[in-house]
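Work through the exercises below with the sequence and the 3D view side by side, and try each task before reading its solution.

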Amino acid sequence: YARNFHKRVTIAIPPLEDYPTDLYSLRNSVADLLSPQVEIDLVASRKGGDSCGMADGQASALIRELQEEKCCVQVDTNDRLLRTVMMAVLIIARSDGRRLVEIGRREGGAGAPASGRVTPCCKLPGKKRRRGEAPASAIRRLLQADLGD
């Protein structure tokens, strides 16, 4: 907890963040501060139980995502597990108000020949944030990986 809190406090500097105080640090959630092992143990303790509502395969996939720090898990007021994914979304707009939006994706994975079929979708450019990652870092990854050359 202390290591993660220190990391969040030291990256909180203007102009992106306000200086933190001992009472307030912007954008610190419990998921950013706790070790992912706490959530992994929580899912593992409910694995296969009726209260979890997940099959063993789903619980294993969720544990894998937690280990890779791709999501967080919380318990709601009804004692159910909630999977949370933090996103960083970039809005690129022209002066006339038009925005960059992906409206379709050609089928065929990386290196595979395009099939000619297009799967419709409508989304802004964005990236899933890693546990404890600042939004600006996720936007940098987006610009380098997806919107680069």
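The exercises that follow concern a predicted model, and each task is paired with a worked solution.

**Exercise 1.** Work out whether the length of helix H4 (residues 56-67) agrees with the expected rise of 1.5 Å a residue.

*Solution.* Begin with the twelve residues of the helix, which at 1.5 Å a residue should span 16 Å. Then take the end C-alpha atoms of H4, which are 16 Å apart, so the two values agree. Beyond the helix comes Glu69, which has a positive phi, near 60°.

**Exercise 2.** Find which residues of H4 are buried, and decide how they are arranged around the helix axis.

*Solution.* The buried residues in H4 are Ala59, Leu62, Ile63 and Leu66. Viewed down the axis, the buried residues of H4 lie within an arc of 100°, and therefore they line one face of the helix. In general, an α-helix has 3.6 residues a turn, so residues three or four places apart point the same way. The cover over the buried residues of H4 includes H3, strand E1 (72-75) and strand E2 (81-84).

**Exercise 3.** Determine whether Glu39 is buried or exposed, and find which backbone atom lies 3.3 Å from a polar atom of its side chain.

*Solution.* Glu39 belongs to helix H3 (residues 36-46). Its relative accessibility is 6%, so Glu39 counts as buried. The backbone atom in question is the nitrogen of Val73, 3.3 Å from a polar atom of the Glu39 side chain.

**Exercise 4.** Explain why Cys121 and Cys122 are not bonded through their sulfurs.

*Solution.* The sulfur closest to that of Cys121 is in Cys122, 7.4 Å away, which is too far for a bond. Across the whole structure, a search finds zero disulfides.

Terms used:
Residues are numbered from 1 along each chain as its sequence is written. This is a predicted model: local features need pLDDT of at least 70, side-chain atom pairs count only at pLDDT 80 or more; totals for chains, interfaces and linings use all residues. Side-chain values use heavy atoms; hydrogens and water are left out. Helices (H or I, at least four residues) and strands (E, at least two) are DSSP runs, numbered from the N terminus. Buried means under 20% relative accessible area, exposed over 50%, partly exposed in between (1.4 Å probe, protein chains only). A polar contact is a pair of N or O atoms within 3.5 Å; within protein, one must be able to donate a hydrogen and the other to accept it, and residues adjacent in sequence count only if both atoms are side-chain atoms. The expected span of a helix is 1.5 Å times one less than its number of residues. The arc is that of the directions from the helix axis to the C-beta atoms. Contact means heavy atoms within 4.5 Å. A disulfide is a pair of cysteine sulfur atoms within 2.5 Å.
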